[in-house]
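Let's take a walk through this one, from the overall fold down to the cores, the pockets and a single buried side chain. Have the model open alongside as you read.

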Amino acid sequence: MTDSASPRQRGSRELWLDAAYDLLIQGGIDAVKIMPLAKQLNLTRTGFYWYFKDIAELHDAMIQRWEDINTGNLVARCTAEADTICEALFNLTDCWLDRTLFDSELDLAIRNWARIDPELQKRLNAADRLRIKAVTEMFLRFGYSLEQAEVRGMTVIYTQIGYISMQVEENREERLRRVQHYVELFASVSPQPDDIARFTRRHGIG
């Protein structure tokens with residue numbers, strides 16, 4: 001790259017990626033174009049090429065970041081230390097309530113993009129399989145049979161995909177108070193008051 005633009009004119013790779021995500025969420029993949037990105041960032045168009053060869057490379061970077069954040073964090077929460085299946089499910093539920101762990105708007109935008117991109121659809125399908133596998137293994141860890149664990153893993157992930165696809169809007173406090181009932185439904189075990197209290201406290205209630 002021989003671009004002599006200053007760092008101020010070029011921005012940064014993360015800045016361009018953040019702007020691309022904003023456009024993706026607002027208008028879908030057709031809205032993610034170089035000139036609108038440059039305009040949104042108040043940067044020169046040539047600054048884009050300092051970090052990306054072309055728009056296809058930007059797309060690849062966007063998809064990779066989505067996989068790393070949404071799927072990567074979900075898998076990590078499934079393997080987080082827990083003494084009971086209920087505590088493990090509360091750990092996983094952190095993803096649905098903390099956008100730094102799992103970005104639901106981004107997940108919906110990726111799903112919409114995949115409808116018109118067969119290669120992305122394959123990666124999305126692989127991501128969903130990996131998520132289900134992680135939840136299934138979480139249940140196996142606590143003594144559920146393989147069949148039970150697989151069905152419960154699918155139920156957990158498909159429930160959240162439904163929330164995302166339907167763009168369900170809930171009062172945060174109401175949703176937090178419902179979580180214990182989802183945990184009981186998924187696990188067939190009632191969570192202990194201490195587990196509920198720890199979960200609600202870390203999300204700002206109690």
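## The fold at a glance

Reading along the sequence, the protein chain runs α-α-α-α-α-α-α-α-α-α-α. That comes to eleven helices and zero strands. Keep in mind that this is a predicted model. The C-alpha trace spans about 60 × 35 × 30 Å along its principal axes. Of the 206 residues in the chain, buried ones make up 45%. As for contacts between residues at least 6 apart in sequence, 67% of them join residues at least 24 apart.

## What the record marks

UniProt has two features to look at here, both from an unreviewed entry. The annotation "domain: HTH tetR-type" covers residues 10–70. In the model, that span is 72% helix and 0% strand, and its end C-alpha atoms lie 28 Å apart. The record also places a "DNA-binding region" at residues 33–52. This stretch is 60% helix and 0% strand, with 12 Å between its end C-alpha atoms.

## Two nonpolar cores

In soluble globular proteins, nonpolar side chains tend to be buried together. The largest nonpolar core here has 33 residues, and those with the most contacts inside it are Leu74, Ile85, Leu89, Leu92, Val135, Met138 and Phe139. Two or more residues each come from helix H5 (55–78), H6, helix H8 (118–141), helix H9 (146–166), helix H10 (172–187) and helix H11 (193–202). H6 gives the largest share, nine residues.

For a feel of the packing, try Val135. Setting aside neighbours within four places in sequence, Val135 is in contact with Leu74, Cys78, Leu92, Gly153, Val156 and Ile157. There is also a second, separate core of 29 residues, including Leu17, Ala38, Leu43 and Leu120.

## Two pockets

Here are the pockets in brief.

| Pocket | Volume | Nonpolar lining | Polar lining | Charged lining |
|---|---|---|---|---|
| Largest | about 560 Å³ | eight residues | four residues | eight residues |
| Second largest | about 170 Å³ | four residues | no residues | five residues |

The largest pocket is lined by 20 residues, and Trp96, Ser104, Glu105, Val168 and Arg175 are the ones that lie nearest its centre. H6, helix H7 (104–114), H9 and H10 each supply at least two residues of that lining.

Around the second largest pocket you'll find Asp18, Tyr21, Asp22, Ile25, Arg65, Ile69, Arg99, Asp103 and Leu106. The elements giving two or more residues to this lining are helix H2 (13–27) and H5. H2 gives the most, with four residues.

## A closer look at Asn91

Back to H6, then. Is Asn91 buried or exposed? With a relative accessible area of 6%, Asn91 falls under the 20% cut-off, so it counts as buried. Asn91 sits in helix H6 (residues 85–97), the helix that gives nine residues to the largest core. Not counting residues up to four places away in sequence, Asn91 touches Arg77, Ala80, Glu81, Ala82 and Arg202.

Technical notes:
Residues are numbered from 1 along each chain as its sequence is written. This is a predicted model: local features need pLDDT of at least 70, side-chain atom pairs count only at pLDDT 80 or more; totals for chains, interfaces and linings use all residues. Side-chain values use heavy atoms; hydrogens and water are left out. UniProt positions are given in the numbering used here, feature names are shortened, and annotations may be inferred rather than shown by experiment. Buried means under 20% relative accessible area, exposed over 50%, partly exposed in between (1.4 Å probe, protein chains only). Contact means heavy atoms within 4.5 Å. A nonpolar core is a set of buried Ala, Val, Leu, Ile, Met, Phe, Trp, Tyr and Cys residues joined through side-chain atoms within 4.5 Å. On a 1 Å grid over the protein atoms alone, a cavity is a set of points where a 1.4 Å probe fits but cannot get out, and a pocket is an open set with protein on both sides within 12 Å along at least five of seven lines; lining residues have an atom within 4 Å of a point. Grid points are joined across faces, edges and corners, and a volume is the space filled by probe spheres set on the points. Ala, Val, Leu, Ile, Met, Phe, Trp, Tyr, Cys and Pro count as nonpolar, Asp, Glu, Lys and Arg as charged, and the others, Gly among them, as polar.
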